[in-house]
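Student: I would like to go through this model step by step. Can we start with strand pairing and then turn to the chain contact?

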Amino acid sequence: MIQELTSPLLRVGLTAMIAFRALRRNKLRSTLTALGIIIGVASVVSIMALGRGTQKRIQDEVSSLGSNLLVIFSKSRRTSAAAAGSGQSGNLTLEDVKAIRREIRIVKALSPEVTLTAQAVANGRNWSTTIAGESHDYLQIRDWALTRGSMFTERELSTSARVAVIGSRTSRELFGPLNPVGQTVRIKNMPFTIIGQLKSKGAGMGGGDQDDRIVIPYTTAMRRLTGEKYPRLVTLQIHSDDLMSAAQEQITALLRQRHRLTEERNNDFEIVNQKEIADTVDNITNTLTFLLGGIAGLSLLVGGIGIMNIMLVSVTERTREIGTRIAVGAQPRDILLQFLIESITLCLLGGAIGIALGYGVSAGATMIPNFHPSVSIGSIVVAFGISFAVGVFFGFYPARKAAKMNPIAALRFE
Amino acid sequence: MNTSVIELDNLQKIYRTGDVEVRAVNGVSLRIERGDFVAIMGSSGSGKSTLMNMLGCLDQPTGGQYRLNGVDVARLSRAELSRLRNLKIGFVFQCFNLLSRTSACENVELPLFYTNPHVPLRDRRERAIEALQKVGLGERLYNHPNQLSGGQQQRVAIARALVNKPELVLADEPTGNLDTRTSIEVMGLFQELNDAGITVIMVTHELDIAAYCKRIIVMRDGRIIRDEVNAARLFANDQRAALDASEQHASLS
């Protein structure tokens, strides 16, 4: 005699309408109930966004180093920390560098480096800066452009010419807005002609200002400024990404042979792949982001328990309403669905507000220079998914309690 | 159509609490014809409320037979019972049981949400307004229960009971929370509905309220002890006029 005429979808729609009306009747309570979810979702979304921003920043810094880079450091035979890395302890010689260039074809370019800190005097001003002795290939290796002038040539390198390329910060400190190219800068009382100005690159991996430096030929730096015989390190650019490990092996073999290291002796140099370091840092950031996100996720759990609590109170308080609904024709599953939809709606609403808040936090954090956090579609989808799951999980028990009510007792409930 | 709206045959409801057996309804046989207006009376514990719950399909008997419109209710599933309540029976309660912070109109729409097949939104609203107009609340469609008097609230509840055009209205102490004047008004409303062909069954313990009905059944200890036509039936219109007159008299003297 009775057929099922209303489609299930329509039934859900109608029940949703009932649930929305019930929530609207209790605006303040609904808002407070959703607050737990709002805070939980907002913190998950913003932490994920900040994590992404940090990763993006690391990736930017890595790409600002140039691509396919290896760095060879000499390891000191002496144990003194002061001697280590000073260049005096050198077991990495310019002959080694030449041999690498000659024999290892997959090295595209290389630059031995000596650095010192010195006062640069020009234009009547005085500025303490880093003087970097490099090869003519240095800018190509570091993927660094010039805003003015040109880089020194191989010829100027071989003649230990007194030419300099100046960093943007150093230029600003010494010359203000003036064009430094063609000017003279005195380093340790020795005049250098400025032939180029570097483009600004910002803070490096270590946090130091890459733009505060003067680049000169390493030959000039060694012969005329420091008197050192050995480069502190050598930066190499390899032809392609997939040749990195091959290059590392070949260089190791060559240097071991040149340094006459027997099987049992350790390397007296170290080859570092800068991308690997960056990858490690990247991994750590990732792990931290997920860890913090997980802790923030706990507040979602707390929010869910809050929802369950309020839903239970709400079910008890609305016992007579439930009885009335059953009396006028609601089936237990209608009641179940109504309360379930109420809790899911609360959670999704909380989720939406939380996402908006998280988005706001992330937008606020973009004010930090060089930092670009971004809310991913993925984290929005996950936040909504979790909100929905919390709604279903913590709403089910109260909803079932409502649906199981005996209508007669419910109608007489005081 | 010679079937009665309600046919009870030796209906029983026995509760067991531990070893004690409570025979709340103990063998009631009864026929109620279409268009009747019945008061069920009795002291508390007489089984009148239990009987009412079974008549309203909120409770299943433990013995005997209940045929509503010729259909044996015991054979229906829960879903079918829900549909029966929704379409054939209107409920009116002592405490009105309206949803708070919800307009009269939305309260009256409530049963239509659960009507199968689906009643479209526009029809829901139209039928709710029609029912409210029928109970004389056409001016108060969007008031919330707390903005209405007790009598008005009970009329909203009656409109809710009527909105699906039921054959049977079950009222449980409908005037229990109302004063004399509003009680008379509500009884007048029930008399109007009954004149329009709706069968009304009402539980009450007040004799002067039962006096408005066509038939009075008295219960005691789960059985019917008296079932007779109300010879001295009151009519709400006369009573209201009498009340007006007596009040006028009181204010004059």
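Student: Which residue in S8(B) stands opposite B:Phe37?

Tutor: Keep in mind that this is a predicted model. Strand S3 of chain B covers residues 37–41, and strand S8 of chain B covers residues 199–203. The two pair in the parallel sense over 4 bridges. Opposite B:Phe37 in S8(B) stands B:Val200.

Student: Which are the edge strands of the sheet in chain B?

Tutor: The sheet is open and its pairing is mixed. Its 6 strands run in the order S6-S7-S8-S3-S9-S10. An edge strand pairs on one side only. That gives S6 (89–92) and S10 (223–229) of chain B.

Student: By how many degrees are neighbouring strands of this sheet turned against each other on average?

Tutor: Direction is ignored for this value. The average is 15°.

Student: What angle does the direction of helix H5 of chain B make with that of S6(B)?

Tutor: H5 spans residues 150–162 and packs on the sheet. The helix touches S6 and strand S7 (168–172) of chain B. With the direction of S6(B), its own makes about 165°.

Student: Which element gives the most to the side of chain B that touches chain A?

Tutor: The contact takes 20 residues from chain A and 25 residues from chain B. On the chain B side, helix H2 (78–88) and helix H3 (104–113) give two or more residues. With 7 residues, the element that gives the most is H2(B).

Student: How many residues of that side are nonpolar?

Tutor: Split the side of chain B that touches chain A by class. Charged residues number 7 and polar ones 8. The nonpolar count is 10.

Definitions and conventions: Residues numbered from 1 in each chain as written. Chains lettered and ligands numbered in written order. Predicted model: local features only at pLDDT ≥ 70, side-chain atom pairs only at ≥ 80, totals over all residues. Contact = placed C-beta atoms within 7 Å. Nonpolar A, V, L, I, M, F, W, Y, C, P; charged D, E, K, R; others polar. Pairing = 2+ DSSP bridges. Axes fitted to C-alpha atoms, helices over the stretch in contact; angles between N-to-C directions.
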